[in-house]
Amino acid sequence: MSAATGRILRVVIGAEPPDRLDKALARDLPEEAALSRSRLARLLAEGAVSRDGVAIADARARVAEGEVYEIALGPAEEVETRPEALPLAVRYEDDDLIVIDKAAGMVVHPAPGSPSGTLVNALLHHFGGRLSGVGGELRPGIVHRIDKDTSGLVVVAKSDRAHHGLAAQFEKHSVERRYLALVHGAPDAADPRLQGVKGTNWEPGGVLKITTRLARHKTDRQRQAVLFDSGRHAVTRVRVLERFGVPPALALAECRLETGRTHQIRVHMAHIGHALVGDRTYGGRRRAPARALGPAVAAVVDAFPRQALHAATLGFDHPVTGVHLAFESPLPEDLRDLLAALGCPAPSATGP
């Protein structure tokens, strides 16, 4: 169904579901659906959720693994988010999509704590009304996100056909996404501690594969947690590009996403004991060792104000023309300066 007449969203309940329908739907919704919990609650109350053709309005209804629910999304409505004339680094644009090189500090989508100043606010102004109807609202078609304090490449749909085509590629994990991260320590196949971390194995070429499931933390809703018996499948591949310090205290790592879960790289790197520099959420107050790096350099590292993560490469097939598109983003100034302090020139977007 089109955005003008509404559409049907199909949700399959996964293993070990929560004991309530609303919680199970929130957990198992496709990420590209972009449905907030409040909107999902309204849809339930309105009788827009059904199973086997029977409407279910009870948010507390019990669910079972494998059950299929359909959510009837109404016609697109005007979004309350206001256009804002904010600077955008546009890497590519046509009638169907736009690729943005997002600066660190910009939230992708408005939320209660960030109602303005977001990428969506900027795009509403940039598009001037030519928008895709997605998630029940007339707004840019956000098919993936990067965190506020992560810099780099984001693709956004401008039409329904592009939105659906891009969402399908993200769902099939065929989109190429390569990140550069500065992490504490240096992952090493010879490290006996790392050999004992569940969900890890080494592949040819010194690539560390991390395979887990991810879900919201039980007590902190702002965090994600590594799980193995529930949650969403998540795979990250990590390759060390440079090591810093004697003994190695930091590493510049290339992280390639097979899946794209919320905070995936940050959670996975913390899981293996190599949290990102500047990541206060998952790395705590971990400090760079002055003995290995020198006091001055360690102080620069400890003062870095955000997670040291950059979305450097983005590649996908154009959802309308079928032409393969690939984009590279150089490291932003703050990360270049950080690497310079470590005596390392900024790598190219494609790596060495």
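A salt bridge here is a side-chain nitrogen of Lys or Arg within 4 Å of a carboxyl oxygen of Asp or Glu. By this rule the count comes to 18 salt bridges. Keep in mind as you click along that the model on your screen is predicted.

**Stop 1: salt bridges across the chain**

Start by selecting R91 and D101. Their side chains meet in a salt bridge, with 3.7 Å from N to O. The pair links distant parts of the chain: R91 sits in strand 6 (residues 90–93) and D101 in strand 7 (residues 97–102), 10 residues apart. Now show the surface and compare the two ends. R91 counts as partly exposed because its relative accessibility is 37%, whereas D101 is buried, with a relative accessible area of 17%.

Next, select R287 and D302. This pair also forms a salt bridge, and the closest N and O atoms are 3.4 Å apart. R287 lies in the loop between helix 7 (280–283) and helix 8 (290–293) and D302 in helix 9 (residues 295–302), so the salt bridge ties together parts that are 15 residues apart in sequence. On the surface view, R287 counts as exposed, at 60% relative accessibility.

For the third pair, pick R306 and D334. The closest N and O atoms of this salt bridge are 2.7 Å apart. Here, too, distant parts of the chain are linked: R306 is in the loop between helix 9 and strand 18 (309–317), D334 is in helix 10 (residues 333–341), and 28 residues separate them. Which end of this pair is buried, R306 or D334? R306 is the buried one, at 5% relative accessibility, while D334 counts as partly exposed at 28%.

Before you leave the salt bridges, select E176, R178, R239, E254 and R256 together. Salt bridges that share partners join these five residues into one network.

**Stop 2: positive charge on the surface**

Clear the selection and choose K23, R37, R60, R216 and R221. These residues gather in a patch of positive charge on the surface. Zoom in on R221, which is found in the loop between strand 14 (207–216) and strand 15 (224–227). With a relative accessibility of 40%, R221 counts as partly exposed.

**Stop 3: cysteines**

How many disulfides does the structure hold? The number is zero. As a reminder, a disulfide is a covalent bond between the sulfur atoms of two cysteines. While you are here, select C255 and C344. C255 counts as buried because its relative accessibility is 0%, and C344 counts as buried at 8%.

**Stop 4: far in sequence, together in space**

Return to strand 6 and follow the chain into the loop between strand 6 and strand 7, where D94 is found. D94 is buried, with a relative accessible area of 19%. Add A157 to the selection and draw a C-alpha to C-alpha distance: D94 and A157 are 63 residues apart in sequence and 9.9 Å apart in space.

Do likewise with H126 and L86. H126 is found in helix 3 (residues 119–127) and is partly exposed, with a relative accessible area of 32%. Its C-alpha atom is separated by 8.7 Å from that of L86, and the two residues are 40 residues apart along the chain.

**Stop 5: backbone details**

Switch to a view that shows backbone atoms and select V246 and P247. A cis peptide bond joins V246 and P247, with omega about -5°. P247 has its place in the loop between strand 16 (232–244) and strand 17 (250–257).

Move on to D52, in the loop between strand 2 (49–51) and strand 3 (54–55). D52 has a positive phi of about 55° although it is not a glycine. On the surface view D52 is exposed, with a relative accessible area of 70%.

Finish at H263, in the loop between strand 17 and helix 6 (264–271). H263 has a positive phi of about 60°, and it is not a glycine either. Is H263 buried or exposed? At 16% relative accessibility, H263 counts as buried, because buried means under 20% relative accessible area.

Note on methods: Residues are numbered from 1 along each chain as its sequence is written. This is a predicted model: local features need pLDDT of at least 70, side-chain atom pairs count only at pLDDT 80 or more; totals for chains, interfaces and linings use all residues. Side-chain values use heavy atoms; hydrogens and water are left out. Patches are made of residues with over 30% relative accessible area and no salt bridge: like charges are joined within 9 Å, nonpolar side chains (Val, Leu, Ile, Met, Phe, Trp, Tyr) within 5 Å. Accessible areas come from the Shrake-Rupley method with a 1.4 Å probe; for residues, only the protein chains shown count as cover. Lys and Arg count as positive and Asp and Glu as negative; His and the chain ends are not counted. The place of a charge is taken as NZ of Lys, CZ of Arg, CG of Asp or CD of Glu. Helices (H or I, at least four residues) and strands (E, at least two) are DSSP runs, numbered from the N terminus. Buried means under 20% relative accessible area, exposed over 50%, partly exposed in between (1.4 Å probe, protein chains only). A disulfide is a pair of cysteine sulfur atoms within 2.5 Å.
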